[in-house]
Amino acid sequence: MAMHQQVGLLLTLMLFLAAADGSLAVGTPSAIIRTTCAAVGRPGGEVGYDTCVGLLSADPAAAAAKDAGQLALVATNLTVANVTSTVLVLDDLVKNLRDCLRYYRDMNKTLDAALGDLRAGRVEAASNKLSDASGVPDSCDIQLFEGSAKKNPMRKENTDADLLSRLAYAITDLQLPNPPRHRR
């Protein structure tokens with residue numbers, strides 16, 4: 001299937017899913033759509049009637065279908081478009097999560113060094129390292145937000161790491177003779 005066909009199918013699917021109830025579908029579904037959806041939408045079926053009608057009615061190719069075999073092709077094409085999009089989202093997430101992993105590994109090294117400085121009484125050196133480390137969770141959030149997937153499965157962990165690193169930095173700064181204000 002050509003990429004432009006997949007994009008078109010994906011946009012059709014996204015429009016339907018945005019409405020969730022199929023309300024974006026225009027006109028009355030064809031008889032073959034109604035009959036087929038009644039068969040798959042019966043109790044114990046795989047997909048509910050309204051969902052079936054909504055998904056198929058959102059695609060003009062389904063309205064032109066003459067039989068259930070053609071509807072199966074339409075449904076499969078919609079699935080291909082969805083899966084293709086999901087693969088692209090996952091590729092982007094994996095790339096961005098690898099970057100976040102690198103950021104956090106570097107942060108961990110910086111925090112280990114800050115602990116060493118604190119244990120040795122080098123409060124200012126520890127404070128500088130903790131200040132540097134406190135920006136890492138934001139970098140990960142930005143990386144995930146700016147990615148094409150626009151998904152952040154690390155939101156809670158990044159928020160927790162940001163809060164804890166800022167807390168460690170703030171408490172460490174209290175120990176300095178002239179604590180800087182809002183250095184971050």
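Student: Which residues does Asn158 touch, not counting residues up to four places away in sequence?

Tutor: In this predicted model, Asn158 lies in helix α8, residues 155-174. Asn158 is buried because its relative accessible area is 0%, against a cut-off of under 20%. Its contacts, leaving out residues up to four places away in sequence, are Tyr104, Pro137, Cys140, Asp141, Leu144 and Asn152.

Student: Is Ala161 buried or exposed, and at what relative accessibility?

Tutor: Ala161 is found in helix α8. Beyond its neighbours within four places in sequence, Ala161 is in contact with Tyr104, Met107 and Pro137. The limit for a buried residue is under 20%. Ala161 therefore counts as buried, its relative accessibility being 17%.

Student: What distance in space separates the C-alpha atoms of Ala161 and Val136?

Tutor: Ala161 belongs to helix α8. Along the sequence, Ala161 and Val136 are 25 residues apart. From C-alpha to C-alpha, the separation of Ala161 and Val136 is 8.5 Å.

Student: What secondary structure pattern does the protein follow along the sequence?

Tutor: The protein has eight helices and zero strands. Read along the sequence, the pattern is accordingly written with helix symbols alone: α-α-α-α-α-α-α-α.

Student: How far does α5 reach from its first C-alpha to its last?

Tutor: Helix α5 covers residues 68-119, which amounts to 52 residues. At 1.5 Å a residue, a span of 76 Å is expected. The model comes close to that value, with α5 reaching 73 Å.

Student: Which residue caps the N-terminal end of α5?

Tutor: Helix α5 covers residues 68-119. At its N-terminal end, a side-chain oxygen lies 3.1 Å from the backbone nitrogen of Gly69. The residue that supplies this oxygen, and so caps the helix within the 3.5 Å limit for a polar contact, is Asp67.

Student: Which residue with a positive phi follows α5?

Tutor: Most residues other than glycine have a negative phi. The residue that follows α5 has a phi near 85 degrees. That residue is a glycine, Gly121.

Student: Is Ala113 buried, exposed or partly exposed?

Tutor: Ala113 lies in helix α5. The C-alpha atoms of Ala113 and Leu130 are separated by 9.3 Å, with the two residues 17 apart along the chain. The relative accessibility of Ala113 is 31%, so this residue counts as partly exposed.

Student: Which residues does Ala114 touch, not counting residues up to four places away in sequence?

Tutor: Ala114 also lies in helix α5, and it is buried because its relative accessible area is 1%. The C-alpha atoms of Ala114 and Ser127, 13 residues apart along the chain, are separated by 7.4 Å. With residues up to four places away left out, the residues touched by Ala114 are Ala126, Lys129 and Leu130.

Student: What is the length of the polar contact that joins the side chains of Gln143 and Asp99?

Tutor: Gln143 is placed in helix α7, residues 136-146, and counts as buried because its relative accessibility is 18%. Outside its neighbours within four places in sequence, Gln143 is in contact with Lys95, Asn96, Asp99, Cys100 and Tyr103. The C-alpha atoms of Gln143 and Asn96 are separated by 6.2 Å, although these residues are 47 apart along the chain. With Asp99, the side chain of Gln143 makes a polar contact of 2.7 Å.

Student: Over the ring of which residue does the charged end of Lys150 sit?

Tutor: Lys150 is placed in the loop between α7 and α8. Lys150 counts as exposed because its relative accessibility is 53%. Its phi is positive, about 55 degrees, although Lys150 is not a glycine. The charged end of Lys150 is 5.6 Å from the centre of the ring beneath it, which belongs to Phe145.

Student: With which residues is Ser30 in contact, leaving aside its neighbours within four places in sequence?

Tutor: Ser30 lies in the loop between α1 (3-19) and α2 (31-40). Ser30 is buried because its relative accessible area is 19%. Leaving aside neighbours within four places in sequence, the contacts of Ser30 are Ala62 and Ala63.

Student: What percentage of the exposed area of the protein do carbon and sulfur atoms supply?

Tutor: Buried residues make up 31% of the 184 residues. The protein exposes about 11400 Å². Of that area, the percentage supplied by carbon and sulfur atoms is 61%.

Definitions and conventions
Residues numbered from 1 in each chain as written. Predicted model: local features only at pLDDT ≥ 70, side-chain atom pairs only at ≥ 80, totals over all residues. Heavy atoms only, no water. Helix = DSSP H or I, 4+ residues; strand = E, 2+ residues; numbered from the N terminus. Buried < 20%, exposed > 50% of the residue type's maximum accessible area, 1.4 Å probe, protein only. Contact = heavy atoms within 4.5 Å. Polar contact = N/O pair within 3.5 Å; in protein donor to acceptor, adjacent residues only side chain to side chain. Areas by Shrake-Rupley, 256 points an atom, 1.4 Å probe, with all protein chains shown as cover. Expected span 1.5 Å × (residues − 1). Lys NZ or Arg CZ within 6 Å of the ring centre and 35° of its normal.
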